[in-house]
Structure formats: structure tokens, C-alpha cells
Amino acid sequence: MADCLFCNIIAGKIPASVVYRDADCIGFDDIHPAAPVHVLFVPKRHIDGVSTLTEADRETAGQLLLAAATYARSKGLEAAGYRVLANVGAGAGQTVFHLHVHLLGGKHLRGRGD
Ligand code: AMP
Ligand code: ZN
């Protein structure tokens, strides 16, 4: 989509710090990191977000999660733990309407146990 920020990053028209690539997805550093590691994983094919996923997107959705896990493993993030999340809809903080998951790690992330 011509007017989609993440499609433009995927096309190389807008610069980003790309840290992960595979056949279906790329991962790049979030421009406003909320943790020492904050990478956005996005499918190369435009999908608006989690709420518009259909059966046709099954493989892409799985690949996206696998990409985040593969990257986290390569960086040894699982020992300390990390978070993978998606904001769904403007009311939940989604600001870019191209499917993505945030990978947050590299520091202690507060949870219910804290
Ligand atoms: P969300 O709010 O869940 O839709 O996530 C969108 C994320 O994209 C935010 O965390 C932004 O900081 C991030 N972002 C916005 N513009 C850029 C950019 N040009 N490069 C990298 N990350 C960006
Ligand atoms: Zn897009």
C-alpha cells in the first residue's frame, strides 16, 4: 500500500534499522524504543492488523510469531524473558495499520509477579 509507513519501510523507501529478514517478514528497531531491545516484526504482505486476519493469513500470522521467537533465540533473550505483543485497534494504541508484533526485551519487564 503506497501510503502505508511499514510498506514503505519494507520497500526501502523509508529508512529503518532492519535486524531480521526472512522470506515472509522483516524485523526492525522501533524508532521510540520502550526497552533495550524493541523490534517490530511485520509481514512483507500488507495486512491491516490482527483484527482483520482471515483464514488466508494463517501461515503469515504463524510466520510472524516464529520470526520474533527466532530473533529472540538468536539474541539469547529467553533466559531473562521477553514480551511479544500486538496492539489491536486505535483504542488499544495501534498507530500503524500494518500488522506487526512488538518484541520487548533486554531488561526486567514488570509483570503481575512484581
Ligand atoms: P503500534 O502503536 O502498536 O501501532 O506500533 C507502531 C510502532 O511503530 C510504535 O511503537 C512507533 O514507535 C513505531 N514507529 C513509528 N514510526 C516508525 C519508524 N519510522 N521506524 C520505526 N518504528 C516506527
Ligand atoms: Zn503496509
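This report describes the metal site, the nonpolar cores and the ligand contacts of a predicted model.

Local features need pLDDT of at least 70 and side-chain atom pairs count only at pLDDT 80 or more, while totals for chains, interfaces and linings use all residues. Residues are numbered from 1 along each chain as its sequence is written, chains are lettered from A and ligands numbered from 1 in the order in which they are written, and side-chain values use heavy atoms, with hydrogens and water left out.

**The zinc site**

Four atoms coordinate the zinc ion (ligand 2) at 2.0 to 2.3 Å: SG of C4, SG of C7, ND1 of H46 and ND1 of H98. Donors are N, O and S atoms within 2.8 Å of the metal (3.2 Å for Na, K and Ca); water is not among the atoms, so sites may look incomplete. The angles among the four donor atoms are 102 to 116 degrees, and the site is tetrahedral, a label given to four donors if all angles lie between 85 and 135 degrees. Along the chain, the donors follow the spacing C-x2-C-x38-H-x51-H. C7 in helix 1 (residues 5-10) and H98 in the loop between strand 4 (83-85) and strand 5 (101-105) are 91 residues apart, and the pair links distant parts of the chain. Helices (H or I, at least four residues) and strands (E, at least two) are DSSP runs, numbered from the N terminus.

Both C7 and H98 are buried, where buried means under 20% relative accessible area, exposed over 50% and partly exposed in between (1.4 Å probe, protein chains only). H98 counts as buried because its relative accessibility is 0%. Contact means heavy atoms within 4.5 Å. Not counting residues up to four places away in sequence, H98 touches residues including C4, C7, P43 and H46.

**The nonpolar cores**

A nonpolar core is a set of buried Ala, Val, Leu, Ile, Met, Phe, Trp, Tyr and Cys residues joined through side-chain atoms within 4.5 Å. In soluble globular proteins, nonpolar side chains tend to be buried together. The largest core here has 15 residues, and V39, F41, L64, Y71 and L103 have the most contacts inside it. Strand 3 (37-43), helix 2 (58-74) and strand 5 each give two or more residues to this core. Helix 2 provides the largest share, five residues. Apart from this core lies another, of nine residues, including C4, C7, I9 and I26.

**H100 and ligand 1**

H100 lies in the loop between strand 4 and strand 5. H100 is buried because its relative accessible area is 7%. Not counting residues up to four places away in sequence, H100 touches F6, L40, F41, V42, L85 and A86.

There are 16 residues around ligand 1, and D30, N87, G93, T95 and H102 come nearest; a residue is near a molecule or strand if one of its heavy atoms lies within 4 Å of it. The table lists polar contacts, which are pairs of N or O atoms within 3.5 Å; within protein, one must be able to donate a hydrogen and the other to accept it, and residues adjacent in sequence count only if both atoms are side-chain atoms.

| Atom | Partner | Distance |
|---|---|---|
| V96, polar backbone atom | ligand 1, oxygen atom | 3.0 Å |
| H100, polar side-chain atom | ligand 1, oxygen atom | 3.0 Å |
| H102, polar side-chain atom | ligand 1, oxygen atom | 2.8 Å |
| H100, side chain | H98, backbone oxygen | 2.7 Å |
| H98, polar side-chain atom | P43, backbone oxygen | 2.8 Å |

Key: Tetrahedral: all angles 85-135°; square planar, octahedral: opposite > 155°, others 65-115°.
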